[in-house]
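I opened the notebook today to look at some helices and how they pack. Here is the model I had on screen.

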Amino acid sequence: MAHSMINPAVEPVTPETISELLNFVPTADMATLMTVLIAGDEEKIQEQIDYLHLQESFEVEQISQQLWRQVVDHAALSDELKSRICIQLAELDQRLLDGRSDPYLHLSRACLHISKWLPTGAVS
């Protein structure tokens, strides 16, 4: 009975639809952030952060959470390096929870620190 109430003109609900509704950063955009972090180009890192946070309006908390997942799942990174990066992201989260300063600046700072630790050319 409920099926007959569905409007066929409405698009089906997909994982992408749910991700968009929950304001998740698209996987491709997070992959780009990880790529520029690994490359270590500070200008490109800042451009990607600007794109995600300022242009696309993703929350710093969401970017941080998804970056954490990217790091943890990255096969080419050592456990020690993953731990170091996760500590940096935890410090970012703590600053955000404390309400200290500008979230954008804290994200930029964390990403620049992380990029210094990542081996250039690491692949996932």
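I began at the start of H3, where a side-chain oxygen of Asp 41 comes to within 3.0 Å of the backbone nitrogen of Glu 43. I took a polar contact as a pair of N or O atoms within 3.5 Å, one able to donate a hydrogen and the other to accept it, with residues adjacent in sequence counting only if both atoms are side-chain atoms. Helices here are DSSP runs (H or I, at least four residues), numbered from the N terminus.

A note on the source: this is a predicted model, with pLDDT of at least 70 needed for local features and 80 or more for side-chain atom pairs, while totals for chains, interfaces and linings use all residues. Residues are numbered from 1 along each chain, and side-chain values use heavy atoms, without hydrogens and water.

Next I asked which residues of H3 are buried (under 20% relative accessible area, 1.4 Å probe, protein chains only; exposed is over 50%, partly exposed in between). They are Ile 45, Gln 48, Ile 49, Leu 52 and His 53. Seen down the axis of H3, the buried residues fall within an arc of 110° (directions from the axis to the C-beta atoms), so they line one face. On the other side, Glu 43, Leu 54 and Gln 55 are exposed. The cover over the buried residues includes helices H2, H4 and H6, counting heavy atoms within 4.5 Å as contact.

Just after H3, I noted Ser 57, with a positive phi near 65°.

Methods. Helices (H or I, at least four residues) and strands (E, at least two) are DSSP runs, numbered from the N terminus.
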